[in-house]
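Got your viewer open? Let's take a short walk through this one together, one selection at a time.

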Amino acid sequence: VKFAVIVFPGSNCDIDMFHAIQDELGEEVECVRHDAEDLSGFDGILLPGGFSYGDYLRSGAIARFSNVMKEVVKAAEAGKPVLGVCNGFQILLESGLLPGAMRRNEHLQFACDTVQLTVENTDNFFTSLYSKNEEINIPIAHGEGNYYCDEAALAALKQNGQIVFTYKNNPNGSIANIAGITNEQGNVLGMMPHPERAVDALLGSADGLRLFQSIVKNWRESHVVNA
Amino acid sequence: MELSIEASERKIDELINEMCQRLLSNPVIEDYRYEIEESVPK
């Protein structure tokens, strides 16, 4: 499986993501610039955290207009796995690949901690190697992680099983304790916590690694010929 | 926010609404209103 880590001006978790894929997951990975014109050679797309374009206007608001995002939308529509972490999640929201929007943390302070997440749904590209209701430890680091959507959108998220991760102790005020959601098809995941920073016990937790392993497993299963 | 927009073939309200909805505001969490003033080139 060949992954692309998209690098915007101001991305700062791209190297962490690259390390997680290459050294911990052991798959092929390349960093791809924001002005890239073609992602057709990649099987999975990773939008890392950071402060793309300085978070001017709103986080992710400018990055969504960058050249490469047209290709990310194309990949998502083709059913390829697309993962947005932190600022990557914010970009997915601004680009309309995921519903809702991100507000400033309720307490207005930057939140930097390791948090407990509950795995709410395992029927998607990203969490099939976890068990439902499993509790995992993943770090967060964000100032705008207060997820919001209106009641109708929230009802749809619940009904379709699109809520994948919730916080056990909500660190930012997000609606329904949401930490991560997928699109309806389950191939686009946005999450505020950083699984790429939890891929080895040395880092304090290896709970994030199974997310990447799930992508690989599901990709292989959907690409087996004559299965 | 104050912006100058050059005259074009498209209707000014249409342009402004598109700008507001796609970039300047996020309609999921924000409302917007605008006023148009004609400016005289110096």
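The tour below goes from the interface to a salt bridge inside one chain and ends at a surface patch.

Before you click anything, keep in mind that this is a predicted model.

**Stop 1: where the chains meet.** Show chain A and chain B together. Here 11 residues of chain A are in contact with nine residues of chain B. Between them, the two chains bury about 850 Å², with 62% of that on carbon and sulfur atoms. Now select A:Leu57, A:Arg58 and A:Phe65: this trio supplies 52% of the area that chain A buries against chain B, more than any other three residues.

**Stop 2: the charged pair across the interface.** Keep A:Arg58 selected and add B:Glu30. These two form a salt bridge, and their closest N and O atoms are 3.9 Å apart. The rule finds one salt bridge across this interface, along with four residue pairs in polar contact. Next, pick strand E5 (residues 101–103) of chain A, which gives the most to the side touching chain B, with three residues. Colour that side of chain A by class and you'll get six nonpolar, one polar and four charged residues.

**Stop 3: a link within chain A.** Over all chains, the salt bridge count comes to 14. For one of them, select A:Arg220 and A:Glu27, whose closest N and O atoms are 3.0 Å apart. What parts of the chain does this pair link? Distant ones: A:Arg220 is in helix H5 (residues 209–222), while A:Glu27 lies in the loop between helix H1 (14–25) and strand E2 (28–33), 193 residues apart.

**Stop 4: a patch on chain B.** Finish by selecting B:Leu3, B:Ile5, B:Ile12, B:Tyr34 and B:Ile36. Together they make a nonpolar surface patch with about 400 Å² of accessible area. One of its members, B:Leu3, sits in the segment before helix H1 (12–24) of chain B.

Notes: Residues are numbered from 1 along each chain as its sequence is written. Chains are lettered from A and ligands numbered from 1 in the order in which they are written. This is a predicted model: local features need pLDDT of at least 70, side-chain atom pairs count only at pLDDT 80 or more; totals for chains, interfaces and linings use all residues. Side-chain values use heavy atoms; hydrogens and water are left out. Patches are made of residues with over 30% relative accessible area and no salt bridge: like charges are joined within 9 Å, nonpolar side chains (Val, Leu, Ile, Met, Phe, Trp, Tyr) within 5 Å. Accessible areas come from the Shrake-Rupley method with a 1.4 Å probe; for residues, only the protein chains shown count as cover. A salt bridge is a side-chain nitrogen of Lys or Arg within 4 Å of a carboxyl oxygen of Asp or Glu. Helices (H or I, at least four residues) and strands (E, at least two) are DSSP runs, numbered from the N terminus. Contact means heavy atoms within 4.5 Å. Buried area is the accessible area (1.4 Å probe) that two parts lose on being put together, summed over both. A polar contact is a pair of N or O atoms within 3.5 Å; within protein, one must be able to donate a hydrogen and the other to accept it, and residues adjacent in sequence count only if both atoms are side-chain atoms. Ala, Val, Leu, Ile, Met, Phe, Trp, Tyr, Cys and Pro count as nonpolar, Asp, Glu, Lys and Arg as charged, and the others, Gly among them, as polar.
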